[in-house]
Amino acid sequence: MSGDVIVLLAGILAILGATGVLFTRDNFYAALYLCLTMIFVSSMYAAYNIQQVVVLLTLIFVGVVGAVTIVVAATYETRLPREPNKVWAAFTALVFIIVASAYYSITTELKISGDFAKEFATVPTEYFLVLVVLFTLMILIVLSAIKLVKRVEL
Amino acid sequence: MNISAIILTSLAIIFIAYVEAISAKNLVRLLISLELMFAGVLVAILPLFSVDPAMAFIFVILTLFVSCSELLILITSIILIGKQKRRTDVDTISVGGDSL
């Protein structure tokens with residue numbers, strides 16, 4: 001099976017997973033469908049052999065974000081009588097059709113190849129400042145969240 | 001693989017998440033739909049790897065950081081509202097959110 005077929009299959013399954021989030025009533029199952037969608041998104045990267053991103057997505061996006069979402073959904077589990085907002089769904093579908101028709105004209109073939117270990121070797125040095133700023137911001141957000149929840153002065 | 005197919009997949013996921021966020025009656029469901037939007041964004045970054053892989057990698061890291069930050073902030077607000085109002089419906093924050 002070629003990479004393109006895998007990407008197409010993973011894309012269709014990711015859309016089906018997203019549709020599952022939309023139509024399920026239980027928050028817990030919605031979180032499970034979300035994790036499923038995330039796994040299919042990371043498998044799209046795996047099909048193009050971008051292993052570093054696959055590891056990042058699987059560890060952080062699926063492993064941390066997905067797992068924490070499942071825990072929160074299980075803690076505050078509710079079964080609300082719900083249905084998607086039909087007016088907004090119709091409007092969104094209309095916008096999707098317009099944008100899709102515009103993008104459909106793009107015929108550029110996606111050619112992803114090369115040794116990504118070499119390509120990404122420059123990332124820690126070239127983007128060092130960006131990474132430091134991101135880590136600092138994340139630590140600040142974590143400390144603020146702890147302060148808000150525990151209501152203690154740090 | 002045509003780039004438009006990947007962009008359309010990304011758009012479909014983002015629009016489904018948008019409808020979900022609009023229809024959400026619960027904060028947890030809102031959190032799930034916003035995370036779903038980030039999944040769509042990550043699909044949209046995939047074609048960038050054919051142009052500049054290093055920059056695309058940084059965009060992936062940036063998206064993951066933003067996603068984690070959003071998760072932290074929403075979980076904090078869910079815990080706070082859960083403590084105060086004993087439920088996490090969106091209606092509870094539409095009135096008097098400032099009292100938190």
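Start with the contact map of chain B in this predicted model: among contacts with a separation of 6 or more, 51% link residues 24 or more positions apart.

Keep chain B selected and colour it by secondary structure. You'll find 4 helices and 0 strands, so to speak an α-α-α-α run from the N terminus on. The radius of gyration is 17 Å, well over the 13 Å that the globule rule gives for 100 residues, so chain B is more spread out than a compact globule. Rotate the C-alpha trace onto its principal axes and the spans come to about 50 × 25 × 15 Å. Now colour by burial: 46% of the 100 residues of chain B count as buried.

**Bring in chain A**

Show both chains and pick out the residues that touch. That selection holds 56 residues of chain B, in contact with 68 residues of chain A. Which elements of chain B give two or more residues to this side? They are α1 (3-23), α2 (27-45) and α3 (53-85). The largest share belongs to α3(B), with 20 residues. Colour the chain B side by residue class and you get 41 nonpolar, 11 polar and 4 charged.

**Stop one: the α3 pair**

Select residues 51-75 of chain A, which form helix α3, together with α3(B). Their axes sit 11 Å apart and the helices pack at an angle of about 10°. An angle under 35 degrees counts as roughly parallel, so that is how α3(A) and α3(B) run relative to each other.

Now show side chains. On the chain A helix, select A:Q52, A:V53, A:L56, A:I60, A:F61, A:V65, A:V68 and A:V72. Facing them in α3(B) are B:F57, B:V60, B:L64, B:S67, B:C68, B:L71, B:I75 and B:I78. By class, this contact has 14 nonpolar residues, 2 polar and no charged.

**Stop two: the α1 pair**

Next, select residues 3-23 of chain A, helix α1, along with α1(B). Here the axes come within 9 Å and cross at roughly 5°, which makes α1(A) roughly parallel to α1(B).

Which residues of α1(A) meet α1(B)? Pick A:L8, A:G11, A:A14, A:I15, A:A18, A:T19, A:V21 and A:L22. Their partners in α1(B) are B:A5, B:T9, B:A12, B:I13, B:I16, B:A17, B:V19 and B:E20. Colour this contact by class too, and it divides into 12 nonpolar, 3 polar and 1 charged.

How values were computed. Residues numbered from 1 in each chain as written. Chains lettered and ligands numbered in written order. Predicted model: local features only at pLDDT ≥ 70, side-chain atom pairs only at ≥ 80, totals over all residues. Contact = placed C-beta atoms within 7 Å. Nonpolar A, V, L, I, M, F, W, Y, C, P; charged D, E, K, R; others polar. Axes fitted to C-alpha atoms, helices over the stretch in contact; angles between N-to-C directions. Parallel < 35°, antiparallel > 145°, perpendicular 65-115°, else oblique. Rg over C-alpha atoms; globule rule 2.2 N^0.38 Å. Buried ≥ 20, exposed ≤ 12 C-beta atoms within 10 Å, placed from the backbone.
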